[in-house]
Structure formats: C-alpha cells, structure tokens
Amino acid sequence: MGAPLVTVAIVARTVAQLWGKPLLGVNHCIGHIEMGRLITKANNPTVLYVSGGNTQVIAYSQRRYRIFGETIDIAVGNCLDRFARVIKISNDPSPGYNIEQLAKRGKRYVELPYTVKGMDVSFSGILSYIEEAANKMLSADQCTPEDLCFSLQETVFAMLVEITERAMAHCGSQEVLIVGGVGCNLRLQEMMGVMCQERGAKLFATNERFCIDNGAMIAQAGWEMFRSGQVTQLEDSWITQRYRTDEVEVTWRD
Amino acid sequence: MHFTQKLELFPEQHVTQMLFKDVNNAAELRQDAVEGNIHAALINPTMLLSPFQALLAANKAIHSQSIGKMKTRSLNSEIIFNLSPTNNISEAFKRFGISHQDRSLLVVVVHSRDDSEVLSHIAIRVDGQEVPVEEFSSFSDPAKIRKLYKVSPQEESGGLLDAVVCRMATKDVM
Amino acid sequence: MATLQLLRGAEMLKQGAEGRVYRAEFLGKPAVIKQRFPKRYRHPELDEKLTHRRTMQEVRSIARCRRAGISTPVVYFVDYSCSCIFLEEIVDSQTVRDFIASARRSSSRSDQELQRLAELTGRILAKMHDEDVIHGDLTTSNMLLRRSADSSELELVLIDFGLSYISALAEDKGVDLYVLEKAFLSTHPNTEPLFQQLLGSYSASSKKSSAVIKKLEEVRLRGRKRSMVG
C-alpha cells in the first residue's frame, strides 16, 4: 500500500506547486466519516467504520474523532475476504458481495467463535476456526457454503453491532453511521437497524457509491479542513500507513 | 418459635423452619424421610449457619421444580441437595440430611399460605423439644462447615455465611 | 415466569448495553437483580448461547474473586432460564468516583486518603488478576468503598462483572488496566500521579505484574502502531 500512497503524494505535491494551490493531507477514515455525515445529514453519530483494512467504532469528542473500540487483530473485511478464498468463492465483483448473496440462501446456523472483549473485537479466532473446519464440514455434508456464509455474517456482524451499542451506551448517543466498504452489506445494516430501534436510536447508512473508497470523500474532508483553516505544508506532506483517526485535530467541529 | 418466610418469586409458597433439640427419634424420622412419608426436609442444623441458607435452598428447589430441572426426586430432597457445595447427591444427604444418631434437627417445610395444620402435623412427629429459630447459631459447627465448604481464611474475612451462600449459588458453574 | 413477573414490579436502576439492573427484596434481604434480555438483532441460537455463557462467566468471576478474598456482592441465586442474577445489594457505600471527587474538593488530608485509596486499589486488582479474572469494565463507578464490619478500615468492593471472563493472558490483564486508566483519567482530570501510584501498588502486589505492565505500555502505544490502510 506504500507505493500507491507515495505516487499520489508526488502527483498531489506537483499539481499543488504547478498551479499554486493549497495542499491538504487527509486521513482516510475521516474522509469516510465526513462523506457519511454529508450524505446522510447525521448530526453527531457513533460511527462504525468497517472495511477490508479497518474496523473501528468512533465518536466525536472535543475536537477528536475518538476510537472507542476496534479490532485487536484483523479487520472484518479482511476476515470475510479470506474466508471467501478458503471456500473458493468468486472475487467477482467482490468476495464480500458474493458472501452476502450466498448468505441469503443459508438456512442452518453453525456455531462459530464469538470474540468481544470490552469495547474491542477480534476476528483472527473465528477466521482460523473456519479455515480449519469449513472444508471438513462441507465435505461431511454437515452444512452448505450458504450456511457457512450465513453463520459467519450473523456472528461477525453481531460482534460489530455489540461494540457499537456499547459505545453508544457509553456516550449517550442516539445516532449510528456505518461507513466503509463492509457498510454496503444490507444484512449488517439490517441488524444495526434492529439494535437502533430497540434503543430508540436512528441508523444512517450510505449507499454503495459512498461506502466504498472514493475520491470525493477525500475532497469532502479536505474541504472541511480547509474552510476551518487547515493547510498542509509541503514539508509535512509525507505519507504514512499508520495515521490514526484520533491523531487529527477536527477543527471544523466544536 | 418457628420462622416463616414468603417467597417473592413464588408468592403462593411459604417456607417455614422449625428447630428442635434433644431429639430422640432421629432414626425413625430419617426412615420416614427416606420413604417419603414426611412432607418436610429434615436437616442437620450443625451444618448450617443461618436460616437464610435454608431459604435459598428452598427457593432454588422450587424454581428447579417449576422448570422441570430438579436433580433429585422430590422437592424436599432437592432442598437438602441445594445446601451442599458439591453436585454429589448422596454426599449431600449424608452431610446435610438427618442421620440416625442426631440429637438436633431443622425441619424445613414448603407450604401454601394458610396451611398451619401441615406444620403442627409434622412438629408432632418429632420427639424432641422445639426451640426458637433465633437459637440457630448455637447449633452451628463453624469448623465443620468451613472444612466442608473449603473456605479459605482470606475468603472468610468477608464472613463465613457469605462464603457459604455464594458457593451454594454458584456451584452449577464452578 | 416467576423471575420476569417479579421484575415487572421491581424498581429498575439502570439499563445498559448488556442488560437491565433492578432492585427488589429477595428472601427478606435487599437485592440487586441483573437481567440479560434477548437481543433481537442476533440469531436466536447465537443470542441464547452467548447470553447463557456471559451469565456463567459473570457468576464464575465473582466466585473466583471471593475465593481470593476480594470483596464483591454475594450471589444469592441465578435463574439461568431467563439469565437473571440475584445479588446482594451493597449498602452504606460510596463509589470510588465520588470518593475521589469529594476528596479533591476538600483539601484537608485528601492527599493521604487518595494515596491510601490508590495503594488499596492496586493491591486488590493485582489479586484479581492473579486469579486470572478479567473484570472487563473497570471504572471508578464500578468500585465501591465501605467501612468493613470488624474495623473502621476502608474496604474496596468490586461490582458489575457483566463483561468479565477468565484469562491468564498478560495482554488481557494489560487491556483491563488500560480500560481503567482511560476511564480514570477522563473522569478525574489531572490525576496521572495518582494512577501511577495505583500501578505501583499493583506491580508490588502481583507476582505476574511485569508482563502485565509491559502489555499495558504496548496497548497504550499499539493504536499508533496499527496500520490504517483500507
């Protein structure tokens, strides 16, 4: 992932200097959040950010997007993708999408490891369990691939909804926003919706165009940063793969 | 003299405890209990610290009965079983049930509200002297209790009764 | 059924993400009843298994703590059929949160009192972790102070084991302390030295503390090390 970031940074710096325009280094997650807020008009939601590389529960507080809970190992999207490989699900259009479609036809619930520790989640346990057991179960006809997809979704999504609910209870929040590629999953949205309904809270979910990574979200976050007075100096425009959401000062909100 | 408590969870049920000393017919009563001829739990009071334990045991027994999950064959034997720190039924009877040479006796009766007749019918079969339940602790043998429930000194600093009660309540998962 | 019927007439103290807490009289004693209710968003089989498991974990953790001599509410009765735990209600006590807040407001003797509190808390938490009990939700509201029965010494009572579990891993114990640290410092600003004293007492009291403290330090930094790509 380093190479694409470096490439983009070089282009950005060049264009900024060519045309004398201000440069803004944007945090990827904040891009998702700001696009989510813009599209859904959520006011101050608890944010569940779930993608191939990230799984975090975030809430805004005192000029920071604070991370309340996260994965202690791999991201949920990563877990789903690797599971798809294990049982040879097609990558076209995406493993996550295909898992979702197969899951709709699943009937049997297969018990899988469920790991929530306080506000955090862990997916490596369920992944290693299913990597080991899936093909055995399938060849012994104990369940179908649809059943496994269904059971995996029910389990990992329940974990995500649980840590979101805990963060909401902690902050007294009444809004949830789901962002990131895995946020496209309708079953996840449905489960989150049920949890919200039980608490009298409101769920905001974006549609596919804005869930998955998109350039416009970076522009949106950049625009918020710029209008509140932030600018990145050239010498500060290096790239990093370790840019925590809570490192950014959110100057555009109070 | 005796002590009756209504059960909040089962408002139709009451639990009455009667305490006896100088009991002469323990063997006969034990036989009655084994044969199911007496509708009470006959307990060795030296193994208890407080009437509260008997209440907890009775409450749990009635609960188990109501969901069809008793471990023993009758409500009264279930009460005795619930007093024990282990899940071994015969050991529970041996330690907490009346044995033929006992001189003191705690009778625990589960009955409906207005059933005082049941109590007198049972009391009359005990050849011994009823004493106020307030005298409970004079029968207790803390050393034996401590040993049976395996209560360590550090745990006992919080109170022996608390330690015992907690064991009774949690033995299903330990 | 019986327990749910009783709860209908009981006073609800709070509703968290895990479940509800009620107050009622039980066998003549003041009691607290913790109920884990079903979560509709979960698959029913998952919900049942998870709820049951958590109820058992909570009960086991309390029992383990008591065996080690740690003060906790006494468990009176567990209704597994509806995941309700009947516990002793701790009366005549004050949360550590309130204790710290009021000690800081008054300036007389407060330093000494706070130091004693830090020492006591570190020691109790060390004992808990040495029993491999992870509390899972350590905050200053989940710790109570009361005068112990036999002396006038302060006694620390740990409550709310709803997120607890058994684990020997230093990582889990480190995270347990990290959760407390975050809660402690955000609730009581500028108390870093006090919390350091707590950790010092913890280290001195636990046989396995160095691995745990090391993990705590790692967890503090961990966030900054984790890649955020994707």
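Two strands pair if DSSP finds at least two bridges between them. Helices (H or I, at least four residues) and strands (E, at least two) are DSSP runs, numbered from the N terminus.

**Setup.** I worked on a predicted model, in which local features need pLDDT of at least 70, side-chain atom pairs count only at pLDDT 80 or more, and totals for chains, interfaces and linings use all residues. Residues are numbered from 1 along each chain as its sequence is written, chains are lettered from A and ligands numbered from 1 in the order in which they are written, and side-chain values use heavy atoms, with hydrogens and water left out.

**Entry 1, sheet of chain A.** I looked up the strand order and found an open sheet of five strands, β3-β2-β1-β6-β7 (chain A), with mixed pairing. Its edge strands are β3 (64–70) and β7 (202–205) of chain A, each of which pairs on one side only. From one strand to the next the twist averages 25° (axes are lines fitted to C-alpha atoms, for helices over the stretch in contact, and angles run from 0 to 180 degrees between N-to-C directions). I then checked the pairing of β2 (residues 55–61) of chain A with β3(A): the two run antiparallel and are joined by six bridges. Within that pairing, A:Ala59 has A:Arg66 of β3(A) as its bridge partner. Helix α2 (residues 28–40) of chain A packs on the sheet and touches β1 (46–50), β2, β3, β6 (175–179) and β7 of chain A (contact means heavy atoms within 4.5 Å). The direction of α2 of chain A makes about 125° with that of β6(A).

**Entry 2, α3 and α5 of chain A.** I took helix α3 (residues 76–86) of chain A and helix α5 (residues 124–139) of chain A, whose axes come within 10 Å and cross at roughly 15°. The two helices are therefore roughly parallel to each other (angles under 35 degrees count as roughly parallel, over 145 as roughly antiparallel, 65 to 115 as roughly perpendicular and the rest as oblique). Their crossing is right-handed (the near helix is turned clockwise from the far one by less than a right angle; anticlockwise would be left-handed). On the α3(A) side the contact is made by A:Cys79, A:Arg82, A:Phe83 and A:Val86. On the α5(A) side I listed A:Ile126, A:Leu127, A:Ile130, A:Glu131, A:Ala134 and A:Asn135. By class, this contact of α3(A) with α5(A) has seven nonpolar, one polar and two charged residues (Ala, Val, Leu, Ile, Met, Phe, Trp, Tyr, Cys and Pro count as nonpolar, Asp, Glu, Lys and Arg as charged, and the others, Gly among them, as polar).

**Entry 3, the loop after α3 of chain A.** I looked at backbone angles in the loop between α3 and α4 of chain A, where A:Lys88 is placed. A:Lys88 has a positive phi of about 60° although it is not a glycine. A:Pro93 is found in the loop between α3 and α4 (95–104) of chain A, and the peptide bond from A:Asp92 to A:Pro93 is cis, with omega near -5°. For reference, most residues other than glycine have a negative phi, and most peptide bonds are trans.

**Entry 4, α6 and α7 of chain A.** Helix α6 (residues 145–171) of chain A and helix α7 (residues 186–199) of chain A pack at an angle of about 35°, with axes 10 Å apart. I noted a right-handed crossing for α6(A) and α7(A). Among the contact residues are A:Phe157, A:Val161 and A:Met168 of α6(A) and A:Leu188, A:Met191 and A:Met195 of α7(A). The residues of this contact of α6(A) with α7(A) divide into 10 nonpolar, two polar and four charged.

**Entry 5, α2 and α3 of chain B.** In chain B I took helix α2 (residues 51–66) and helix α3 (residues 75–83), whose axes come within 8 Å and cross at roughly 125°. That makes α2(B) oblique to α3(B). The crossing of α2(B) and α3(B) is right-handed.

**Entry 6, chain C and the chain pairs.** I found an open sheet of three strands, β6-β8-β9 (chain C), with antiparallel pairing. β6 (94–95) and β9 (154–158) of chain C stand at the edges with a single partner strand each, so one side of each is left without a neighbour in the sheet. C:Thr95 stands opposite C:Leu144 in β8(C). Among the two pairs of chains that touch, the most contacts are between chains A and C. Chain A and chain B do not touch, and their nearest C-alpha atoms are 20 Å apart.
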